[in-house]
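Trainee: I've got a new structure to learn my way around. Could you walk me through it, one question at a time?

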Amino acid sequence: MTVTDRLRRLPIATRMLVSALVLVVLILPAAGALLSWNFREAVNTAFNERLESLLNVVIAGVSYDVRQNALVTNRQLGDSRFDRVFSGWYWQVRDENDRVLTSRSLWDQRFAVSHEPGIAYRTVTGPRDKQLRLLERDIRLPNLNDILHVQVAANLDEVEAQIARFQTLLWLSLATLGGLLIVLIGLQIRWGLAPLRRIERSLKAVEQGRQPSIETDLPRELARLADAINTVLERDQRLMERGRTAAGNLAHALKTPVAVLGTLAERLPEQQKMAMRAELKRLDEAVRHHLTRASAAGPVALGAEQDIGRVLEPVIEGVRRLAGRRGLAFQSSLPQGLKVRIDAQDLQELVGNLVENAINWAGSAISLTGTVDGGWLVFSVADDGPGMSPEMRQQALSRGGRLDETKSGSGLGLAIVMELAALHGGELRLENSPEGGLQAEVVLPLTHLKSGA
């Protein structure tokens, strides 16, 4: 089986669950990446705005003392990290004459000046090889002709730590959300497909004969489907009953003309009488043969199980009386309590024709046995009549529906049995009987007959 065939036969629930899983696996990581990028941008923007505010505070507080010929500041930034050496937060003011004013945290370190116009951001390596975000701007003071380069820098570890914490929480949350989504989608699929499971159980109950039709107390779409199935089942049942009734009516309708022709044949000269009897016999056998085929139900897909012993009880009693009138000993042995799904009339016709054929050729005794051999149901009828040679048996079995043209002992009854056995997926076997006559066996597969097989 190819991969395409396997995918085509996947159950609906599996298809829906796999589709949902693919969507979750694709969408949640994409959403997580987008959220992570937006958060990183927001943190960086907030960090830059904070640095810009600190830069403005530094610019507002710096001045040039002419008497001391030095740069001074008269304003505190309000953050103790600027007073702690190598804390990661620094500011620096430098003029073109290398006069420098720095925060205490920068200690003896100095930042290089880039001389870029306007406000510029860049990443630099600061004290202790820490990565810093540096913001700088050039300004002029009223009493100083030199350009002042004002710089503020902060450690990026804080930004990266915030982003790392957010990403950890984000991916844990998305993983939890994905798991919950899969569970909830699985429950949704199970709830959504529950009506289909009810239809399956209902159809199984109809198949086993526990209810006459599929229940229609279902969602609107499936209720229409159930109604359509019930309509088809009812129509098929009516057609089957109509066909069997028509076959029975035809059989009764033909009996009288055939009987009248038989009576008229008795008035003919002997030679013509024999020819007419032969043709009437062929006509009668052909009618029985084809009417039996027309009225056979075949494998029962929907219906109740039949108890073999109960179905064959009237056949056994009828055969016992017929054998008694002919002075034949009759023995029967059938499996007790075995139930199979097979049309009762088909089973009676099959076994009845086997036994009737044996009665016609038995010398003093016949026997009927039914056994279960592995996955097969076997009916065996043996007699002590003249039997058949291997060539005759082979010829009888190879001629199919025209067994009535073979030697004695292989008449119409065996033709009907062969047709019915083939209809149910089985076969007819002819062998030598232990009593010296013919042993006819019908082998039927239990896989076609057992419920749920």
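Trainee: Let's start with a pair of strands. How many bridges join S11 to S12?

Mentor: Before we count, keep in mind that this is a predicted model. S11 and S12 run antiparallel. One pair to look for is Asp373, which stands opposite Trp376 in S12. The number of bridges joining S11 to S12 is eight.

Trainee: Which residue in the turn of that hairpin has a positive phi?

Mentor: S11 and S12 form a hairpin, and there are two residues between them. Look in that turn for a phi of about 65°. The residue with this positive phi is Gly374.

Trainee: What is the order of the strands in the open sheet with mixed pairing?

Mentor: Start from the edges: S9 (329-333) and S13 each have a single partner strand, so one side of each is left without a neighbour in the sheet. The twist from one strand to the next averages 15°. Five strands make up this open sheet, and the order is S9-S11-S12-S14-S13.

Trainee: How many bridges join S12 to S14?

Mentor: These two strands run antiparallel. Val381 is a handy landmark, as it stands opposite Ala440 in S14. The count of bridges between S12 and S14 is seven.

Trainee: And S13, which residue in S14 does Glu427 stand opposite?

Mentor: S13 and S14 also run antiparallel, joined by six bridges. Now find Glu427 and look across to S14. The residue opposite is Val443.

Trainee: How many of the eight residues of S12 are buried?

Mentor: A residue counts as buried when its relative accessible area is under 20%. By that cut-off S12 is largely enclosed by the rest of the structure, because the buried residues among its eight number seven.

Trainee: Which strands does H8 lie across?

Mentor: Take the helices in turn. H7 lies across S9, S11 and S12, and runs at about 170° to S9. H8, in contrast, runs at about 20° to S12. The strands H8 lies across are S9, S11, S12, S13 and S14.

Trainee: Which residues have the most contacts inside the largest nonpolar core?

Mentor: In soluble globular proteins, nonpolar side chains tend to be buried together. Here the largest nonpolar core has 40 residues. Elements giving two or more residues to this core include helix H7 (308-325), helix H8 (344-361) and strand S12 (376-383). The residues with the most contacts inside the core are Leu354, Val355 and Leu428.

Trainee: What does Leu354 touch, leaving out residues up to four places away in sequence?

Mentor: Two names from earlier come back here, Val381 and Ala440, which stand opposite each other across S12 and S14. Leu428 is on the list too. In full, Leu354 touches Phe379, Val381, Leu414, Val417, Leu428, Ala440 and Val442.

Trainee: Now the other open sheet. Which strands are at the edges when the order is S4-S3-S7-S6-S5?

Mentor: This sheet has five strands with antiparallel pairing. An edge strand pairs on one side only. That gives strand S4 (100-102) and strand S5 (120-125).

Trainee: What is the bridge partner of Thr125 in S6?

Mentor: S5 and strand S6 (residues 131-140) run antiparallel, with six bridges joining them. Thr125 has its bridge partner in S6, and that partner is Gln131.

Trainee: Is H3 parallel or oblique to H4?

Mentor: Two packed helices are described by the angle between their axes and the distance between the axes. Helix H3 (residues 157-192) and helix H4 (residues 194-207) pack at about 40°, with their axes 4 Å apart. Angles under 35 degrees count as roughly parallel, and the angle here makes H3 oblique to H4.

Trainee: Which residues of H4 make that contact?

Mentor: By class, the contact of H3 with H4 has three nonpolar, one polar and two charged residues. From H3 come Arg190, Trp191 and Gly192. From H4 come Ala194, Pro195 and Arg197.

Trainee: Last one: is Asn230 buried or exposed?

Mentor: Asn230 lies in helix H5 (residues 220-265). Leaving aside neighbours within four places in sequence, Asn230 is in contact with Ser213, Ile214 and Thr216. Its relative accessible area is 8%, and the cut-off is under 20%, so Asn230 is buried.

Terms used. Residues are numbered from 1 along each chain as its sequence is written. This is a predicted model: local features need pLDDT of at least 70, side-chain atom pairs count only at pLDDT 80 or more; totals for chains, interfaces and linings use all residues. Side-chain values use heavy atoms; hydrogens and water are left out. Buried means under 20% relative accessible area, exposed over 50%, partly exposed in between (1.4 Å probe, protein chains only). Contact means heavy atoms within 4.5 Å. Two strands pair if DSSP finds at least two bridges between them. A nonpolar core is a set of buried Ala, Val, Leu, Ile, Met, Phe, Trp, Tyr and Cys residues joined through side-chain atoms within 4.5 Å. Axes are lines fitted to C-alpha atoms, for helices over the stretch in contact, and angles run from 0 to 180 degrees between N-to-C directions. Angles under 35 degrees count as roughly parallel, over 145 as roughly antiparallel, 65 to 115 as roughly perpendicular and the rest as oblique. Ala, Val, Leu, Ile, Met, Phe, Trp, Tyr, Cys and Pro count as nonpolar, Asp, Glu, Lys and Arg as charged, and the others, Gly among them, as polar.
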